[in-house]
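Me: Please give me a close look at the helix packing here. Start with one contact and work outward from there.

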Amino acid sequence: MTDKKKVLVISDFGIDDIVAVLYAYYSDTIEIVGIVSDYGNVSKASALKNVKYLQSITGITDIPVIGGAVSALTGIQPQFFPDIHGIDGLGPISLDDIELDNSEISENFYEINSLIDKYAGELYIYSAGRLTSLATAFVLYPETMKKVKEFYVMGGAFLVPGNVTPTAEANFYGDPYAANILIQLAPKQIHLIPLDVTMYALLTPAMIDHLHEFYLKSNDKVGQIIKPMVDYYYEFYKKTYPDISGSPLHDLLAMWALADGDKMMFEEVPIRVATNTGWTFGQSIGDFRQSKEKENWQIHKIAKQFNYRQFITEVFETLKSGPSR
């Protein structure tokens with residue numbers, strides 16, 4: 001077997017983020033070597049508690065956990081979404097018994113440097129939340145960030161409506177300044193996995209029930225947290241999109257794409273992010289014109305298409321394969 005891809009996860013650890021991390025937990029292709037815990041769908045402190053919870057149920061405590069941002073570069077206080085992800089970010093699962101001490105929420109963001117240096121040239125950065133921490137790293141540590149092999153970012157809505165406003169997706173809308181810094185300062189092309197594809201990464205209730213039965217029979221306590229979380233997520237989506245047939249696991253699709261970049265069809269496109277206030281705030285804009293004359297913006301890779309059957313097959317094969325470590 002080839003060496004696993006070394007991945008630094010930057011996340012706010014809501015439901016679909018955690019399913020993506022569990023996919024990596026079971027994967028024989030991905031090794032998470034570091035975590036940056038951020039604000040987003042929940043507060044930074046809640047995200048850190050979720051990481052501690054994952055450590056407690058998996059027994060994996062040797063992965064460095066780095067504290068990320070608590071709010072956006074816009075200066076706007078973050079809005080949390082308990083109706084989507086639950087009070088703690090885990091749907092109905094409560095973490096009242098888990099406490100954090102000051103050492104666990106220390107401001108240790110500089111440690112991202114030593115982690116990138118350790119895996120220089122082979123580290124992948126996977127971002128599944130607001131982009132404040134990643135953008136800050138580009139501003140503070142530009143030379144260090146050049147050592148990252150590839151970037152995979154779940155965010156944006158290019159040729160489809162947004163999910164926060166008619167034009168903007170949540171991760172870009174949460175901090176458009178950071179998203180724009182990311183687009184402008186990234187030392188290499190970013191793989192963007194936007195709503196254009198993630199809204200089709202649907203796991204149906206029947207699929208989740210089947211997976212849960214497998215985890216019950218195999219007495220896999222880690223896997224058993226997936227169903228209550230995704231069921232909670234689906235209830236929100238059913239209220240918002242009554243005809244939807246399953247839960248779109250946005251961040252899972254991005255992690256699956258990272259596992260093998262050839263699975264996703266990408267298009268290289270000049271990109272900007274709207275930072276002006278108003279209805280376009282946080283809008284991701286790509287110059288998709290077929291003409292030779294295009295805007296002189298930074299070019300990145302936007303996911304355009306994926307094989308749904310392959311996605312479902314490989315995700316469930318992985319989730320049922322048993323822990324990889």
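Reply: **The contact of H1 with H11**

From H1, the residues Ile 15, Asp 16, Ile 18, Val 19 and Leu 22 meet Ile 226, Met 229, Val 230, Tyr 232 and Tyr 233 of H11. By class, that makes 9 nonpolar residues, 1 charged and no polar. The charged one is Asp 16, on the H1 side. Keep in mind that this is a predicted model.

Now the geometry. H1 spans residues 15-26 and H11 spans residues 226-240. Their axes lie 10 Å apart, at an angle of about 145°. The crossing of H1 with H11 is left-handed.

A second helix pair makes a useful companion. H5 covers residues 132-140, and H8 covers residues 176-185. Here the axes come within 8 Å and cross at roughly 45°. That angle falls outside the parallel, perpendicular and antiparallel ranges, so H5 and H8 count as oblique to each other. Their crossing, too, is left-handed.

H5 brings Thr 132, Leu 134, Ala 135, Phe 138 and Val 139 to this contact. H8 answers with Ala 178, Ile 181, Leu 182 and Leu 185. The tally for H5 with H8 is 8 nonpolar residues, 1 polar and no charged. The polar one is Thr 132, in H5.

Leu 134 leads on to a strand. Besides its place in the contact with H8, Leu 134 touches Ser 127. Ser 127 sits in strand S4, residues 123-127. Its relative accessibility is 0%, under the 20% cut-off, so Ser 127 counts as buried. Beyond its neighbours within four places in sequence, Ser 127 also contacts Ile 10, Tyr 152, Val 153 and Met 154. Ile 76 gives a sense of distance: 51 residues away along the chain, its C-alpha atom is 21 Å from that of Ser 127.

Finally, the whole chain. The protein chain has 13 helices and 11 strands. Buried residues make up 56% of its 325 residues. Of the contacts with a separation of 6 or more, 82% join residues 24 or more positions apart. The C-alpha atoms fill a box of roughly 60 × 45 × 45 Å along the principal axes. The radius of gyration is 18 Å; a compact globule of 325 residues would have one near 20 Å, so the two agree.

Definitions and conventions:
Residues are numbered from 1 along each chain as its sequence is written. This is a predicted model: local features need pLDDT of at least 70, side-chain atom pairs count only at pLDDT 80 or more; totals for chains, interfaces and linings use all residues. Side-chain values use heavy atoms; hydrogens and water are left out. Axes are lines fitted to C-alpha atoms, for helices over the stretch in contact, and angles run from 0 to 180 degrees between N-to-C directions. Helices (H or I, at least four residues) and strands (E, at least two) are DSSP runs, numbered from the N terminus. Angles under 35 degrees count as roughly parallel, over 145 as roughly antiparallel, 65 to 115 as roughly perpendicular and the rest as oblique. A crossing is left-handed if the near helix is turned anticlockwise from the far one by less than a right angle, and right-handed if clockwise. Contact means heavy atoms within 4.5 Å. Buried means under 20% relative accessible area, exposed over 50%, partly exposed in between (1.4 Å probe, protein chains only). The radius of gyration is taken over C-alpha atoms; the globule rule is 2.2 Å times the number of residues to the power 0.38.
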